[in-house]
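User: Hello! Could we walk through this structure together, one question at a time?

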Amino acid sequence: MRNGQFIIINIPPGVYNVRISFIGYETVIFQDVNIIVDQTTEISASLNPQSVEVTDIIVSAESPMIRK
C-alpha cells in the first residue's frame, strides 16, 4: 500500500470539486470543497483497488537475419 501527500498552492478562494484518481484504483470525488484565503484545506482519501480493463495488446518483434 502506498501513501501519498500532495500540496497544491495558489488556488483562488472558492468552492471546488476535487477528484482523486490513479490507474488501478477507484476514483474518489469530493464535492463542494471550500478554499478560504490564508487557510489550509486538508482532504483525506483512501483509494480502493480496482481491476483495469484494457483493449488489445499487440506484441511484435523482429530478429536479424542470420548469415552462415
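Analyst: Gladly! A word on naming to begin with: strands here are DSSP runs of E with at least two residues, numbered from the N terminus. Please keep in mind that this is a predicted model.

User: Thanks! Where does N10 lie relative to β1?

Analyst: Strands are numbered from the N terminus. N10 is placed in the segment before β1.

User: What is the phi of N10, and what sets that value apart?

Analyst: Most residues other than glycine have a negative phi. N10 is a residue other than glycine, yet its phi is positive, with a value near 60°.

User: Is N10 buried or exposed?

Analyst: The cut-off for exposed is over 50% relative accessible area. N10 has 76% relative accessibility, so N10 counts as exposed.

User: Which element holds D32, and what is the phi of D32?

Analyst: D32 is part of strand β2. At 58% relative accessibility, this residue counts as exposed. Although D32 is not a glycine, it has a positive phi of about 60°.

User: V33 is in strand β2 too. Is V33 buried or exposed?

Analyst: Buried means under 20% relative accessible area. V33 comes in at 10% relative accessibility, so it counts as buried.

User: Which residues does V33 touch, leaving out those up to four places away in sequence?

Analyst: Contact here means heavy atoms within 4.5 Å. Beyond its sequence neighbours, V33 in strand β2 touches G14, V15, Y16, V18, T41 and I43.

User: How far apart are the C-alpha atoms of V33 and N17?

Analyst: Along the chain, V33 and N17 are 16 residues apart. In space, their C-alpha atoms are separated by 6.1 Å.

User: Let's turn to the loop. Where is G24 found, and which residues is it in contact with outside four places in sequence?

Analyst: G24 sits in the loop between β1 (14-20) and β2 (28-35). L47 is 23 residues away from G24 in sequence, with 9.5 Å between the two C-alpha atoms. Setting aside neighbours within four places, the contacts of G24 are N48, P49, Q50 and V52.

User: I23 lies in that loop between β1 and β2 as well. What is its relative accessible area?

Analyst: A residue counts as exposed when its relative accessible area is over 50%. I23 passes that cut-off and is therefore exposed, with a value of 73%.

User: Which residues form the nonpolar patch on the surface, and how much accessible area do they have together?

Analyst: I23, from the loop between β1 and β2, is one of the patch residues. The others in this nonpolar surface patch are V52, V54, I57 and V59. Together the patch residues have an accessible area of about 600 Å².

User: How much space lies in the largest pocket, which residues are closest to its centre, and which element gives the most to its lining?

Analyst: The largest pocket holds about 1500 Å³ of space. It is lined by 34 residues, of which G4, Q5, F6, I20 and I43 are the closest to its centre. The elements giving two or more residues to this lining are β1 and β2. With four residues, the element that gives the most is β1.

User: Where does S44 lie, and how far is its C-alpha atom from that of Q5?

Analyst: S44 lies in the segment after β2, and its relative accessible area of 58% makes it exposed. S44 and Q5 are 39 residues apart along the chain, and their C-alpha atoms are separated by 9.2 Å.

User: One last pair: what separates the C-alpha atoms of I9 and T40?

Analyst: I9 has its place in the segment before β1 and is exposed, at 63% relative accessible area. I9 and T40 are 31 residues apart along the chain, and the separation of their C-alpha atoms is 9.6 Å.

Notes
Residues numbered from 1 in each chain as written. Predicted model: local features only at pLDDT ≥ 70, side-chain atom pairs only at ≥ 80, totals over all residues. Heavy atoms only, no water. Patch = residues over 30% accessible without salt bridge, like charges linked within 9 Å, V, L, I, M, F, W, Y side chains within 5 Å. Areas by Shrake-Rupley, 256 points an atom, 1.4 Å probe, with all protein chains shown as cover. Salt bridge = Lys/Arg side-chain N within 4 Å of Asp/Glu carboxyl O. Buried < 20%, exposed > 50% of the residue type's maximum accessible area, 1.4 Å probe, protein only. 1 Å grid on protein atoms, 1.4 Å probe; cavity = no way out; pocket = protein on both sides within 12 Å on 5 of 7 lines; lining within 4 Å. Points joined across faces, edges and corners; volume = space filled by probe spheres on them.
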